[in-house]
Amino acid sequence: MDLIPVAKLGDEQSRVEHQAGLETETVTHRELFREIRTVGKIDYNEQRVAVLSARIAGRVDRVFADFTGITVKKGDHLVSIYSPELYSAQAELFQAADALQAAVGEKRFLETSLEAARTKLLLLGVLPDQLREIEKTRKQNTHLTIYAPIGGVVIEKNIREQQYVQAGDILYRIAELDPIWLFLNIYESDLAWVRFGQQVEVTLEAFPGEVFRGTVVFIDPFLDDVTRTVRVRVNLKNPDYRLKPAMYASASIRVGLRADGSPAPTGLEGKFVCPMHPDVIRETAGKCPECGMDLERIPEATKPLSSESAAPSLPPHQGHPENSLQSGKVLAVRTTAVLDTGRRQVVYRKRKDGAYEIVDVRLGPRAEATDSSGKRVGYFPVLSGLSDGDEAVV
């Protein structure tokens with residue numbers, strides 16, 4: 001090549017860089033995140049589905065909730081059943097009460113008989129308020145009215161008027177649709193990024209432009225060998241019942257990164273949760289209000305690597321600043337700056353004298369961040385090899 005005066009070296013070098021299309025970007029600390037996109041299906045909340053069975057044999061004389069899909073409130077009457085067994089059980093109650101009232105000596109046996117008669121009626125489906133009314137009015141009822149144990153939607157109805165039922169026959173299934181469950185399919189390659197308590201953004205074809213937010217409450221302990229996915233359950237608020245079971249949904253889980261490239265904590269670590277009711281979360285230990293089980297402590301997130309273990313043998317100008325592991329931002333280099341040879345990863349770094357040098361780097365998992373223009377682009381967390389302020393060829 002033709003030699004040029006040293007005084008013109010800078011201009012010539014700029015021309016060559018422009019002609020070659022060389023671009024650089026400053027390596028700096030950024031808020032990195034990894035976004036996991038997947039699909040799933042909405043289903044009933046198994047913890048809020050009530051199966052209503054007949055506790056007594058008899059004839060169905062009146063059906064109040066007479067079609068599937070009707071919404072009922074807790075305590076609404078559903079069906080009225082005529083039952084001779086109910087009539088005779090009330091007669092036993094009155095006889096036991098009369099005998100106790102007429103007794104003049106030892107009454108312990110008669111008190112036990114009266115309590116047994118009350119218990120029998122309760123086991124036949126008579127509510128405590130109904131039992132008190134029966135004892136007060138001394139009126140024998142021929143029909144037993146069955147009430148809704150929870151509020152929700154009737155999803156199954158198995159009775160008709162004038163039908164005879166036996167004890168144990170299923171009459172209704174009632175499902176409460178708030179909250180509702182969403183089951184997501186997470187590939188095993190993304191499983192390490194999904195944790196209990198993470199927030200999930202959900203979109204559905206039925207409501208374009210709307211975003212629903214839920215929380216990861218359970219991760220299946222097994223992998224589907226056919227799809228190579230793990231089912232993850234998300235709780236979604238559904239106060240107006242807009243979300244319907246069997247709807248398909250698209251979901252996004254945005255996971256922040258720490259300086260060592262590991263997932264950021266969810267904020268629930270150290271709190272206490274019920275293993276049977278994951279939506280019950282408390283700040284301190286205690287009993288679950290739903291089932292009475294002891295609340296279990298949510299394990300702390302794995303601590304990030306220290307700066308010494310992340311870069312044990314780096315030159316003085318490389319590595320993380322001392323506070324980078326706690327700053328909430330990660331030293332990051334754009335993915336287009338990294339050349340992967342298969343054995344190592346390298347980056348071209350611009351020196352102060354204008355020359356370029358190859359630098360071996362150690363990187364974390366691929367993530368995303370916003371660049372100076374506000375666009376989302378790919379970045380790698382830098383574990384070693386570069387330092388804040390370096391100019392990397394992108």
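# A tour of sheets, hairpins and one helix pair

Start by selecting V51, which faces R173 across the pairing with strand 11. The model on the screen is predicted.

**Stop 1: the sheet around strand 11**

Widen the selection from V51 and R173 to the two strands in full. Strand 4 covers 49-53, and strand 11 takes in residues 170-175. The two run antiparallel and are joined by five bridges. In general, strands of a sheet pair through backbone hydrogen bonds, and the pairing can be parallel or antiparallel.

Now add the other members of the sheet. In which order do the four strands lie? The order is 4-11-9-6, the sheet is open, and its pairing is antiparallel. At the edges are strand 4 and strand 6 (71-72), and each of them pairs on one side only.

Next, step across the sheet from strand 11. Its pairing with strand 9 is antiparallel and has four bridges. To find a marker for this pairing, select K157, which has Y172 of strand 11 opposite.

Strand 9 is made of residues 152-157 and is joined to strand 6 by two bridges, again with the strands running antiparallel. Select T71 to see this pairing: its bridge partner in strand 9 is V153.

**Stop 2: the sheet from strand 8 to strand 10**

Select strands 8, 7, 5 and 10. In that order, 8-7-5-10, they form an open sheet of four strands with antiparallel pairing. Why does one side of strand 8 and of strand 10 (164-165) lack a neighbour in the sheet? Both strands stand at the edges and have a single partner strand each, so one side of each is left without a neighbour in the sheet.

At the strand 10 end, select strand 5, residues 58-63, which pairs with strand 10 in the antiparallel sense over two bridges. G58 is a residue to pick here, with V165 of strand 10 opposite.

Then go to the other edge. Strand 8 spans residues 143-147, and L144 is found in it. Is L144 buried or exposed? Its relative accessibility is 4%, so L144 counts as buried; the cut-off for buried is under 20%.

Show what surrounds this residue. Leaving aside residues up to four places away in sequence, L144 touches I56, V79, S80, I81, L86, L124, G125 and V126. For a distance across the model, draw a line from the C-alpha of L144 to that of P275: the separation is 38 Å in space, and 131 residues in sequence.

**Stop 3: two helices that cross**

Hide the strands and select helix 2 (residues 84-102) together with helix 4 (residues 128-137). Two packed helices are described by the angle between their axes and the distance between the axes. Here the axes come within 11 Å and cross at roughly 55°. Helix 2 and helix 4 are therefore oblique to each other. Their crossing is right-handed.

Which residues meet where the helices touch? On the helix 2 side they are Q90, L93 and F94, and on the helix 4 side L131, I134 and E135. Sorted by class, the contact has four nonpolar residues, one polar and one charged.

**Stop 4: strands 21, 22 and 23**

Move along the chain to strand 21 (residues 338-340) and strand 22 (residues 345-350), which run antiparallel and are joined by three bridges. Select D340, whose bridge partner in strand 22 is Q345. The two strands form a hairpin with four residues between them, and in it G342 takes a positive phi near 100°.

Continue to strand 23, residues 356-363. Strand 22 runs antiparallel to strand 23, and six bridges join them. V347 makes a marker here, standing opposite V359 in strand 23. This hairpin has five residues between the strands, and G354 takes a positive phi near 95°.

**Stop 5: strand 26 and E391**

Keep strand 22 selected and add strand 26 (residues 391-393): these two pair in the antiparallel sense over two bridges. Opposite R349 is A392 of strand 26.

End the tour on E391, which lies in strand 26. E391 has 25% relative accessibility, so it counts as partly exposed.

What does E391 touch, not counting residues up to four places away in sequence? The residues are T24, E25, T26, Y348, R349 and K350. Finally, select V27 as well: E391 and V27 are 364 residues apart in sequence, with C-alpha atoms 6.1 Å apart in space.

Definitions and conventions: Residues are numbered from 1 along each chain as its sequence is written. This is a predicted model: local features need pLDDT of at least 70, side-chain atom pairs count only at pLDDT 80 or more; totals for chains, interfaces and linings use all residues. Side-chain values use heavy atoms; hydrogens and water are left out. Two strands pair if DSSP finds at least two bridges between them. Axes are lines fitted to C-alpha atoms, for helices over the stretch in contact, and angles run from 0 to 180 degrees between N-to-C directions. Angles under 35 degrees count as roughly parallel, over 145 as roughly antiparallel, 65 to 115 as roughly perpendicular and the rest as oblique. A crossing is left-handed if the near helix is turned anticlockwise from the far one by less than a right angle, and right-handed if clockwise. Contact means heavy atoms within 4.5 Å. Ala, Val, Leu, Ile, Met, Phe, Trp, Tyr, Cys and Pro count as nonpolar, Asp, Glu, Lys and Arg as charged, and the others, Gly among them, as polar. Buried means under 20% relative accessible area, exposed over 50%, partly exposed in between (1.4 Å probe, protein chains only).
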